Amino acid sequence: MADAVARDLRIPATTRRLGGRALINRKSMIAFFFALPLILIVACLVIYPALYSMHLATLNKSMTKFVGFGNFEFLFKRNTFWMVVEQSVLFAVTAVIFKAVIGFVVAHFVHNIPLKGQRKWRGMLLIPWVIPPAMSTLAWLWLFDPSYSAFNWILTHLGLSGIPWLGNPYWARAGIILVNVWVGSPFFMIMYLAALKSVPEQLHEAAAIDGANWLQKIWYVNLPMMRNIIQITALFSLIVTFANFDIVKILTNGGPVDQTHVFATWAFTLGIWGNDIPLGASVSLFMFPILAVAAALILRNIRNRGNEA
Amino acid sequence: MTTATAQIGANQQSAVHYGSISRGRKRTLYWSYFFLILFVIFFLMPPVYMFITSLKTSAEIGAVTNPWWVYHPTLQNYIDLLTQAQFLTFFKNSALVAVIVVSVTMVVSILAAFSLARMKFWGSGTLATGVFLTYLIPESLLFIPLFKIFAFIHDLTGIELINHWWVLVFLYPTLTVPFCTWIMIGYFASIPKELDEAALIDGAGYLQILTRVFIPVALPGIIAATIFCFTVSWANFLYPLAFTTSADQLVLPVGIVTTLIKGDVYNWGQIMTGALLGAAPPLIIYAFLMDYYIAGLTAGATKG
C-alpha cells in the first residue's frame, strides 16, 4: 500500500522533472535565437575585423607576402612613429586629467546650488557633449583662424600680439587638448554629479560636526565615496580619448609636419590615403595594449561595484 | 518625554547654528554661481560663435570687424544651404542612415538584452561581459580591417560596398549594438522577476513577455538607448570619411567638412551655418528629452 502510494507519487514527479528539463532546453534555445543577431553582428563586424587586422599587420604593402614583424620594424625606425606615440600618450593623459578635474569641480558647483535650478545649469553645461564633435571642431577651427581669429582679435585688443594657434606645434597640441577637454568634460560632470548625489547627506553632517571644512569634506567624504565612478569614468574616457580621430583630423590633420598626429589619424593617413593598409593596421594595433589594460581595469571596477551593491 | 526633550534640544541647537551655516551656505552659493557662469561661457562660446558667424555675409567676415558681433545680420547662408541640392542630399543620407541604424540596433539589442538578462543560456554570462568589452573597441581600430574586408567582398561577389551611403548601415552597428545591449541588460535586469513569472503563469510566451511586460516597463531605458543610437549614427565622422567619397553619397558631417572647405578658400559663414544645421537634430532631441539623454549617459557605467 505504502509502496503503491510512493510509486504513484514518484511517477508524476519524474515526468514533471523531465518536462521541466525540456522546458529549460526549449527556453535556452529560444534565448540563444534571441541573442543570435547580436552574436552575428559582434562576431562578423567587431571580433573578426579585430583579429583580421592582426593578420593584415604582418603582410607587405600589396598584401601578397607575409613579412612577419617587418611593418613594425619599419615603424620603429621612423621618427614620425615615435612622435605619434609621444603625442598620443601626452594628448590622452593630459586631456583626461583636465577633463576629470574640470568635471569634478563643475559637478560640485552644480551640486551646491538649489535643486530647482540644477536642471537648467546641467542642461546648458552638457551642450558641448551633444553637438557632433566634427561640427563643434569646425567652430574651434574658425575660432583659431590666424587672420580673422576671434581669439587673436581679443588678444590684439588687449594689446597683445596674436598667436599662430594651429601653425605652431606647441600651440597646436594645446589647442587639440583644449578642444577635447571642451567636448569631454561635460560627460565627466554628469557622471560625477550622479555619483555626488548618491553620497549620503549624513556623512557630510557627521563631518561638519567633527569640524571639517569644505575642502576636508570633499577630500575625506566625497572623494572616497565617488572613487569607483571616478575611476570608471576616467578609464573609459582614456580609451575614447586615446582613439580620438575627429578633433585632430579636422583641426590640424596631423600638421604642422606630422607633429600632432595621433594613432587614429596617422593610421588613416597611411592606410586609406597612402593605400598601405598593412602599415595602417600596424599603427592602429598600437592602441590595443592600452585599451586592453583600461578595459580590464574597468571590468574589475564594475565587478567590485556589483559586489558592493 | 525624553524624545520630546531631545527634539527640543535638537531644535535649539540647530537654531543656534542656523545663522552661521546659512551665511556659509550663502557664500558658497554665490561662488558656485560665479564659477558656473564662467564655465557656461566657456562651454557655450563655440556654438554661440557658430551662430554669430552664420548670420554674417562673406564681406562682413572679410572686413575683420568685431568677430563677436553681427552688424548686418542676414539669413542668406541658411537660404543658400537649404536650397542647395547637394546639402539636402547630405541631410537625406544622414537621416536615412540614422533611421535604419536605430531601427536595426534597437531590435537586435532589445532581443539580445532580454535573452541575456532574463532567459539565460549556456555561456550567456560570458557573452554579456563580451558585449561590454566589444563596446570598448573603438572604431579607429576597426576601420582599416573593415575597409579591406569590404574590398574582399567586392572581389568575391561583385557587390560594391565602398562609396555607397548604405555601407554605413553595416558599419555603425559596431558602435551602437554593444552599447545599447549593455544598457538594456541593465534596465531589464532591474525589472522584478515576479512580473515575468506572473505573465508566464498566465500562459504568455517569451515574445509576449518581452512585448507586453518588458518593453513597456523599460520604456525609459529604450528611449535613452534610442537617443544614444541616433546621436552616434548622426555624429560619426571616421567611418563615412573612410568609406564614402562621391559627393552624392556623403553624410552630413563629412559632406560639410569636405565640400564646404574648398582648398584654401574658407567660406566661414556657410561652413558655420552647415555645422549648426548638422548639429541641430541631436540638439533638438536633447532639448526635448534631456532627462532620458542623461539617464542613458550615466547608465552605461553605473548599471550592470
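Chain A has a mean pLDDT of 84, with 91% of its residues at 70 or more; pLDDT is the predictor's confidence in each residue, from 0 to 100. This is a predicted model, so to speak of local features a pLDDT of at least 70 is needed, side-chain atom pairs count only at pLDDT 80 or more, and totals for chains, interfaces and linings use all residues. Residues are numbered from 1 along each chain as its sequence is written, while chains are lettered from A and ligands numbered from 1 in the order in which they are written.

Within chain A, confidence bottoms out in helix α1 (residues 2–56), at a mean of 72, and peaks in helix α5 (residues 127–130), at 93. Helices here are DSSP runs of H or I with at least four residues, strands are runs of E with at least two, and both are numbered from the N terminus. Over residues 1–17 of chain A the pLDDT stays under 50, and that stretch has 0 contacts beyond four places in sequence. A contact means that the C-beta atoms of two residues, placed from the backbone, lie within 7 Å.

Chain B tells its own story, with an average pLDDT of 85 and 90% of the residues scoring at least 70. Its lowest confidence falls in strand β1 (residues 261–262) of chain B, at a mean of 72, and its highest in helix α4 (residues 85–119) of chain B, at 93. Residues 1–17 of chain B have a pLDDT below 50, and in the model they make 0 contacts beyond near neighbours in sequence. Where pLDDT is low, the predicted coordinates should not be read in detail. For the model as a whole, ipTM is 0.86 and pTM is 0.86.

Next come the domains, whose bounds come from an automatic or database domain assignment. Chain A splits into domain 1 (1–56) and domain 2 (70–308), and the C-alpha centres of these two domains of chain A are 43 Å apart. In chain B, domain 1 covers 2–50 and domain 2 covers 80–302, with 41 Å between their centres, taken over C-alpha atoms.

As for how the chains meet, the contact draws 77 residues from chain B and 74 residues from chain A. On the side of chain B that touches chain A, helix α1 (residues 2–54) of chain B gives the most, with 15 residues. That side of chain B is made up of 61 nonpolar, 14 polar and 2 charged residues. Here Ala, Val, Leu, Ile, Met, Phe, Trp, Tyr, Cys and Pro count as nonpolar, Asp, Glu, Lys and Arg as charged, and the others, Gly among them, as polar.

One helix pair spans the two chains: helix α6 (residues 133–144) of chain A packs with helix α14 (residues 268–288) of chain B at an angle of about 155°, their axes 9 Å apart. Axes are lines fitted to C-alpha atoms, for helices over the stretch in contact, and angles run from 0 to 180 degrees between N-to-C directions. The angle therefore makes α6(A) roughly antiparallel to α14(B); angles under 35 degrees count as roughly parallel, over 145 as roughly antiparallel, 65 to 115 as roughly perpendicular and the rest as oblique. The crossing of α6(A) and α14(B) is left-handed, a label used if the near helix is turned anticlockwise from the far one by less than a right angle, with right-handed used if clockwise. Residues of α6(A) in this contact include M135(A) and W142(A), and those of α14(B) include W268(B) and G278(B). By class, the pair has 9 nonpolar, 1 polar and no charged residues in contact.

Inside chain A, helix α3 (residues 79–112) and helix α8 (residues 169–197) have axes that come within 6 Å and cross at roughly 40°, which makes α3(A) oblique to α8(A). Their crossing is right-handed.
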